[in-house]
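Work through the exercises below with the sequence and the 3D view side by side. Try each task before reading its solution.

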Amino acid sequence: MTQSTPPTQQSTWDAVDAYFCEQLVGHDPALEAATAAADAAGLPRIAVAPNQGKLLHLLALTQGARRILEVGTLGGYSTIWLARALPADGTLISLELDPRHAEVARGNLARAGLDKVAEVRQGRAADSLAALVEQGEEPFDLVFIDADKPSNPEYFRRALQLTRPGSLIIVDNVVRGGAIADADSIDPAIVATRALHELIAAEPRVTATSVQTVGSKGYDGFTLARVQG
Ligand code: SAH
Ligand code: DHB
Ligand code: MG
């Protein structure tokens with residue numbers, strides 16, 4: 001038997017995400033408060049979806065992560081999901097350029113009871129990453145890259161310097177409605193995310209895949225790269 005044509009409409013993706021979130025994510029006061037605070041502060045509504053946040057959480061749990069690095073905090077929505085996977089003595093450092101975003105995120109982390117494990121460092125991520133390398137920071141078990149897309153190759157190179165064999169590096173928004181397949185794109189985000197794929201392909205220290213996703217955030221995708229032994 002053949003499958004019926006797959007649903008391709010945003011309204012269907014929204015309905016499916018609503019169903020999965022109702023069944024598997026549920027009512028979550030800390031996350032709902034974080035979204036409300038981000039909206040009230042006028043932050044863009046570009047955080048990961050609830051079921052994507054839970055995917056990050058599950059990946060961090062599967063990693064047995066004790067140390068997590070995030071590049072691009074926004075209001076701390078993905079930060080909360082990741083930090084919740086840490087043990088009480090775990091560490092999450094999240095890097096954010098915009099001081100307003102950083103402030104909203106700090107409030108959200110405190111309300112979620114995660115301010116002991118999760119810290120937001122305000123500044124250009126490129127500078128903060130260079131400082132972490134310079135300081136000989138202990139390796140991170142998981143890195144989530146989700147900031148300015150033109151810097152994806154630089155962030156990935158830094159992530160390689162800040163991880164160990166077995167670490168997982170995740171990059172958000174690598175598909176962008178399919179634009180990633182356009183070799184002639186002049187969109188700096190696409191040019192850089194294609195350069196990221198070339199970098200990964202030529203990098204013997206990682207084994208990686210990228211997957212397309214649809215859902216309440218539209219048509220996009222993630223790259224997953226495991227640092228090799
Ligand atoms: N990870 C968040 C969403 C991040 S949105 C979540 O899913 O909940 C991307 C964030 O990257 C924005 O807050 C933006 O201000 C930040 N950003 C953009 N350029 C940056 C830079 N050069 N350094 C650090 N953060 C940056
Ligand atoms: C944008 C950024 C994101 O990190 C995201 O998940 C969705 C959109 C953006 O800059 O448009
Ligand atoms: Mg994103």
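The exercises that follow use a predicted model.

**Exercise 1. The metal site**

Task: Find which residues coordinate the magnesium ion (ligand 3), and place Asp146 and Asp172 in the fold.

Solution:
- Step 1. Pick out the donors. Asp146 and Asp172 each coordinate the magnesium ion (ligand 3) through OD, and Asn173 does so through OD1. The distances run from 2.1 to 2.2 Å.
- Step 2. Read the spacing in sequence. The donor residues follow the pattern D-x25-D-N.
- Step 3. Locate the two aspartates. Asp146 sits in the loop between strand 4 (140–145) and helix 7 (152–161), and Asp172 belongs to strand 5 (residues 163–172). They are 26 residues apart, so the pair links distant parts of the chain.
- Step 4. Check burial. Asp146 and Asp172 are both buried.

**Exercise 2. Ligand 2**

Task: List the residues around ligand 2, then find polar side-chain atoms close to its oxygen atoms.

Solution:
- Step 1. Collect the surroundings. Ile46, Asp146, Lys149, Asp172, Asn173, Arg176 and Lys217 lie around ligand 2. Among them are the magnesium donors Asp146, Asp172 and Asn173.
- Step 2. Go through the distances to oxygen atoms of ligand 2. The side chain of Asn173 has an N or O atom at 2.8 Å. For Lys149, a polar side-chain atom is at 3.1 Å. For Asp172, the value is 3.2 Å.
- Step 3. Estimate the cover. On its own, ligand 2 has 290 Å² of accessible area, and the protein covers 68% of it.

**Exercise 3. Ligand 1**

Task: Work out how many residues surround ligand 1, and which are the closest.

Solution:
- Step 1. Count. Ligand 1 is surrounded by 21 residues. The closest are Gly72, Ser78, Glu96, His101 and Asp146.
- Step 2. Take the oxygen side. An N or O atom in the Glu96 side chain is 2.6 Å from an oxygen atom of ligand 1.
- Step 3. Take the nitrogen side. A polar backbone atom of Ala125 is 2.9 Å from a nitrogen atom of ligand 1. Tyr155 places a polar side-chain atom 3.4 Å from a nitrogen atom of the ligand.
- Step 4. Estimate the cover. The protein covers 88% of the 580 Å² that ligand 1 has accessible on its own.

**Exercise 4. The buried residues of helix 1**

Task: Identify the buried residues of helix 1 (residues 10–25), and explain why they line one face.

Solution:
- Step 1. List them. Trp13, Asp17, Cys21 and Val25 are the buried residues of helix 1.
- Step 2. Look down the axis. The buried residues fall within an arc of 65 degrees, so they line one face of the helix.
- Step 3. Find the cover. It includes helix 3 (50–63), helix 4 (77–83), strand 6 (206–215) and strand 7 (218–227).
- Step 4. Step past the end. Gly26, just after helix 1, has a positive phi of about 75 degrees.

**Exercise 5. Two loop residues**

Task: Decide for Ser151 and for Leu97: buried or exposed?

Solution:
- Step 1. Apply the cut-offs: under 20% is buried, over 50% is exposed.
- Step 2. Take Ser151, in the loop between strand 4 and helix 7. Its relative accessible area is 15%, so Ser151 is buried. Its side chain makes a polar contact of 2.6 Å with the side chain of Asp148.
- Step 3. Take Leu97, in the loop between strand 2 (91–96) and helix 5 (99–111). Its relative accessibility is 52%, so Leu97 counts as exposed.
- Step 4. Check the contacts of Leu97. Leaving out residues up to four places away in sequence, Leu97 touches Gln122, Gly123 and Arg124.

How values were computed: Residues numbered from 1 in each chain as written. Chains lettered and ligands numbered in written order. Predicted model: local features only at pLDDT ≥ 70, side-chain atom pairs only at ≥ 80, totals over all residues. Heavy atoms only, no water. Donors = N, O, S within 2.8 Å, 3.2 Å for Na, K, Ca; no water. Helix = DSSP H or I, 4+ residues; strand = E, 2+ residues; numbered from the N terminus. Buried < 20%, exposed > 50% of the residue type's maximum accessible area, 1.4 Å probe, protein only. Arc of directions from axis to C-beta. Contact = heavy atoms within 4.5 Å. Near = heavy atom within 4 Å. Polar contact = N/O pair within 3.5 Å; in protein donor to acceptor, adjacent residues only side chain to side chain. Areas by Shrake-Rupley, 256 points an atom, 1.4 Å probe, with all protein chains shown as cover.
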